[in-house]
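Reader: I'm new to this and get lost whenever I try to take in a whole model at once. Could you pick the aromatic residues and their surroundings, go through that part slowly, and then show me what else lies along the chain?

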Amino acid sequence: MRTKDNDREGFKLMFMTHYARLVRLAVQLTGERDEGRDIVADVMERAWRRFDRLKADDQGAWLGLCVRNACLNRLKHLKVENSNIRRLAELMRTASEADWRRHESLLRRVEAVAETLEEPTRSIIRMSYYEHNTHRQAAERLGISHETVKKHIRKAIDLLKKSIKDKED
């Protein structure tokens, strides 16, 4: 009859007998020492859970097959991961280039509209959006009310929206 102590001693013997060989196999298959050790640790955990059903003569072969299959599964997973990363990077690059072009085109349109604005609207837009002044700061610099600055900004934004809509149509 098997007892927990016997299982522990038997598992320890199995571990000591096969561990180094299994790590070498896993490292050969994966190309990475830490990955190989992790795979062997996972296989040993599975072996512990089913140790009472493993025959002593079959332990080495079973462990070797489990390590080999785990390595192959890991390599397949990495291949899929790498493929997905490459596709995502390509999509991001393409999207980024398109977004950049669209952004640059929109900025050129905004600047063209800003150049057509009359004073003080043009100065208010420059101070608010290019120089990052608050509405109050722009009002103080121009000696006008805060509400007047807001009115000029609304006017400029309406013209910009109309210009962009006209170009899209």
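Author: Let's start with a term you'll need right away: a residue is buried if its relative accessible area is under 20%, exposed if it is over 50%, and partly exposed in between, using a 1.4 Å probe and protein chains only. The model is predicted, so local features need a pLDDT of at least 70 and side-chain atom pairs count only at pLDDT 80 or more, while totals for chains, interfaces and linings use all residues. Numbering runs from 1 along each chain as its sequence is written, and side-chain values use heavy atoms, with hydrogens and water left out.

Try the first term on I39: its relative accessibility is 6%, so I39 counts as buried. I39 sits in helix α2; helices here are DSSP runs of H or I with at least four residues, strands are runs of E with at least two, and both are numbered from the N terminus. If you set aside residues up to four places away in sequence, I39 touches T30, V67, A70, C71 and R74, where contact means heavy atoms within 4.5 Å. L22 is 17 residues from I39 along the chain, and their C-alpha atoms are 9.2 Å apart.

Now for the aromatic part you asked about. A pair of aromatic rings is described by the distance of the centres and the angle of the planes. Rings of Phe, Tyr and Trp (its six-membered ring) pair if their centres lie within 6.5 Å; planes under 30 degrees apart are stacked, over 60 edge-to-face, and the rest tilted. That rule gives four aromatic pairs. In one of them, F11 and W48 meet edge-to-face, with 5.1 Å from centre to centre and 75 degrees between the planes. F11 belongs to helix α1 (residues 4–30) and W48 to helix α2 (residues 33–49), so this pair ties together parts 37 residues apart in sequence. F11 counts as buried because its relative accessibility is 14%, while W48, at 40%, counts as partly exposed.

F11 pairs with F51 too: the ring centres are 5.8 Å apart and the planes are at 85 degrees, so this pair is edge-to-face. F51 lies in the loop between α2 and α3 (59–116) and F11 in α1, so parts 40 residues apart in sequence are tied together. With 3% relative accessibility, F51 counts as buried. Put the rings together and you get one aromatic cluster of F11, F15, Y19, W48 and F51.

F51 also has a neighbour in helix α3: Q59 lies in that helix and touches M14, F51 and L54, not counting residues up to four places away in sequence. Q59 counts as buried, at 9% relative accessibility.

Follow α3 along and you meet L72, which is partly exposed with a relative accessible area of 37%. L72 and I153 are 81 residues apart in sequence, and 63 Å apart from C-alpha to C-alpha. E81 is in α3 as well and counts as partly exposed at 34% relative accessibility. Its C-alpha atom is 56 Å from that of E147, 66 residues away along the chain.

Next come two backbone oddities. Most residues other than glycine have a negative phi, and most peptide bonds are trans. Here, though, a cis peptide bond joins E119 and P120, with omega about 5 degrees, and P120 is in the loop between α3 and α4. H132 has a positive phi of about 60 degrees although it is not a glycine. You'll find H132 in the loop between α4 and α5, where its 64% relative accessibility makes it count as exposed.

Finally, look at the helices on either side of that loop. The axes of α4 (residues 121–130) and α5 (residues 135–142) come within 9 Å and cross at roughly 140 degrees. Axes are lines fitted to C-alpha atoms, for helices over the stretch in contact, and angles run from 0 to 180 degrees between N-to-C directions. That makes α4 oblique to α5: angles under 35 degrees count as roughly parallel, over 145 as roughly antiparallel, 65 to 115 as roughly perpendicular and the rest as oblique. I124, M127 and S128 of α4 meet H135, A138, R141 and L142 of α5. Buried residues of α4 include I124, M127 and S128.
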